[in-house]
Amino acid sequence: MVSLTKMITRSIRVLLVEDNLGDVTLMMEAFKGCKTPVQVFRVKDGEEAIQYLKRRGVHGDAHKPDLVLLDLNMPKKSGFEVLEEIKDDPALKEIPVVILTNSKLDSDIQRAYESRANFFMVKPSDLDGLFAATRYIEDIWLRSLTALRD
């Protein structure tokens, strides 16, 4: 069990699973405005996400992320498949997974929560919305992780 009084001594590690380079660029820029120290690692598809999380291949020395930001619609392996693998793996299931996607479908939202996503966010369509979403991620997720991770 992790002590709640133990404070983080390193940056929060965020794994961004996103295939759209434009979205990646905007997210990286938005994270620069965080007050919480954060390192963002990006993978481009679902298969690479699993390789990263399980430290396989070129990701053999990857650090376990503190938070995963996961797009749903990706090549090779969908976000739903990645989410299910994370939550079914005893070594990974405690990592919070925030779905960050363009989908507004009720069926996708329901399926994400049934697959044990920690939160579902629709990607904002403008830069101001993206910065607001990043502030939310920082306020709710990153700061709470600061108190819980070592």
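Buried means under 20% relative accessible area, exposed means over 50%, and partly exposed lies in between (1.4 Å probe, protein chains only). Helices (H or I, at least four residues) and strands (E, at least two) are DSSP runs, numbered from the N terminus.

This is a predicted model: local features need pLDDT of at least 70, side-chain atom pairs count only at pLDDT 80 or more, and totals for chains, interfaces and linings use all residues. Residues are numbered from 1 along each chain as its sequence is written, and side-chain values use heavy atoms, with hydrogens and water left out.

**Exercise 1. Get your bearings: find how many helices and strands the chain has, and the pattern they follow.**

Step 1. Count the elements: you should get 5 helices and 5 strands.
Step 2. Now walk along the sequence, and the pattern reads β-α-β-α-β-α-β-α-β-α.
Step 3. Check the cover: of the 150 residues in the chain, 45% are buried.
Step 4. Look at contacts (heavy atoms within 4.5 Å). Taking those between residues at least 6 apart in sequence, 68% join residues at least 24 apart.

**Exercise 2. Work out which strands pair with β1, and in what sense.**

Step 1. Two strands pair if DSSP finds at least two bridges between them.
Step 2. Try β2 (residues 38-43): 6 bridges join this strand to β1, and the two run parallel. Arg13 sits opposite Gln39 of β2, and Val14 faces Val40.
Step 3. Trace the link between these two strands: the chain leaves β1, passes through helix α1 (residues 21-31) and arrives at β2, in a right-handed β-α-β crossover. Right-handed here says that, with the strands pointing away from the viewer, the path from the first strand over the helix to the second runs clockwise.
Step 4. Try β3: this strand also pairs with β1 in the parallel sense, over 4 bridges. Leu15 stands opposite Val68 there.
Step 5. Check the faces of β1: 6 of its 6 residues are buried. Ile12, Val14 and Leu16 are on one side, with Arg13, Leu15 and Val17 on the other.

**Exercise 3. Decide whether α2 is enclosed or open, and find what packs against it.**

Step 1. List the buried residues of α2: Gly46, Glu48, Ala49, Ile50, Tyr52 and Leu53.
Step 2. That is 6 of the 8 residues in α2, so the rest of the structure largely encloses this helix.
Step 3. Look for the neighbours: the buried residues of α2 pack against β1, β2, β3 and α3.

**Exercise 4. Find the largest nonpolar core and the elements that feed it.**

Step 1. A nonpolar core is a set of buried Ala, Val, Leu, Ile, Met, Phe, Trp, Tyr and Cys residues joined through side-chain atoms within 4.5 Å.
Step 2. The largest has 23 residues, and Val17, Val68, Leu70 and Ile99 have the most contacts inside it.
Step 3. At least two residues of this core come from each of β1 (12-17), α2 (46-53), β3 (67-70), α3 (79-88) and β4 (97-101).
Step 4. Zoom in on Leu70: setting aside neighbours within four places in sequence, its contacts are Val17, Gly79, Val82, Leu83, Val97, Val98, Ile99 and Leu100.
Step 5. Don't stop there: a second, separate core of 19 residues includes Ile12, Leu67, Leu100 and Trp141.

**Exercise 5. Track down some salt bridges, and see which parts Lys54 and Glu85 tie together.**

Step 1. A salt bridge is a side-chain nitrogen of Lys or Arg within 4 Å of a carboxyl oxygen of Asp or Glu. The whole structure has 10.
Step 2. Start in α2 again: Glu48 bridges to Lys44, with the closest N and O atoms 3.1 Å apart. Glu48 is buried at 14% relative accessibility, whereas Lys44 is partly exposed at 43%.
Step 3. Next, Lys54 and Glu85 meet at 3.9 Å, N to O. Lys54 lies in the loop between α2 and β3 and Glu85 in helix α3, so this pair ties together parts 31 residues apart in sequence. Lys54 is partly exposed at 28%, and Glu85 is partly exposed at 23%.
Step 4. Glu85 has another partner, Lys77, with the closest N and O atoms 2.5 Å apart.
Step 5. Finally, salt bridges with shared partners join Glu18, Asp23, Asp71 and Lys123 into one network.
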